[in-house]
Amino acid sequence: LGAASVLAARGEDLGSVAITMLAFGIGASFPLLLLGMLSRETVTRWRGHMASTGQGLRMAMGTILIVFGFLVLGTQSVKTALLSPSTRQAMQQRARPPRTYLPPFVPP
């Protein structure tokens, strides 16, 4: 194919270049066509199985996400429970926003 491309670029022996490129096109398309037909049959045959498997996998993924959510929330609770009461109080005080003094509202 490379030699045929070079010959076509030079404009030499265009008849054999055309035959070579046609043979290459047919040879390259045949396996792809065969693969496409076989894959279509396979997908048609396995469609029900893939749908049920996808439904099961979707349920499993949802369960995994819920479990990880509980783990994230539970980890913080466990850390707080394991800390000493004084450390827990200090953490809670740091978590509160600081109180700011606002003067009383006086209408104009």
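Colleague: Helices (H or I, at least four residues) and strands (E, at least two) are DSSP runs, numbered from the N terminus; how many of each does the chain have?

Modeller: This is a predicted model in which local features need pLDDT of at least 70 and side-chain atom pairs count only at pLDDT 80 or more, while totals for chains, interfaces and linings use all residues. Residues are numbered from 1 along each chain as its sequence is written, and side-chain values use heavy atoms, with hydrogens and water left out. The elements run α-α-α from the N terminus on, and the count for the chain is three helices and zero strands.

Colleague: In which helix is confidence lowest?

Modeller: On the pLDDT scale, the predictor's confidence in each residue from 0 to 100, the chain has a mean of 79, with 77% of its residues at 70 or more. Confidence is highest in α2, at a mean of 83, and lowest, at 67, in helix α3 (residues 85-95).

Colleague: Is Ala4 buried or exposed?

Modeller: Ala4 sits in helix α1 (residues 2-10), and beyond its neighbours within four places in sequence it contacts Val17, Thr20 and Met21, contact meaning heavy atoms within 4.5 Å. Buried means under 20% relative accessible area, exposed over 50%, and partly exposed in between (1.4 Å probe, protein chains only). Because its relative accessible area is 5%, Ala4 counts as buried.

Colleague: What is the relative accessible area of Glu12?

Modeller: Glu12 belongs to the loop between α1 and α2, and, not counting residues up to four places away in sequence, it touches Leu7 and Val17. Glu12 is classed as partly exposed because its relative accessible area is 38%.

Colleague: What is the approximate area of the nonpolar surface patch that includes Leu65?

Modeller: Leu65 lies in helix α2 (residues 14-82), and it counts as exposed because its relative accessibility is 57%. Patches are made of residues with over 30% relative accessible area and no salt bridge, like charges being joined within 9 Å and nonpolar side chains (Val, Leu, Ile, Met, Phe, Trp, Tyr) within 5 Å; a salt bridge is a side-chain nitrogen of Lys or Arg within 4 Å of a carboxyl oxygen of Asp or Glu. Accessible areas come from the Shrake-Rupley method with a 1.4 Å probe, and for residues only the protein chains shown count as cover. Together, Met61, Ile64, Leu65, Val67, Phe68 and Leu71 make a patch of about 600 Å².
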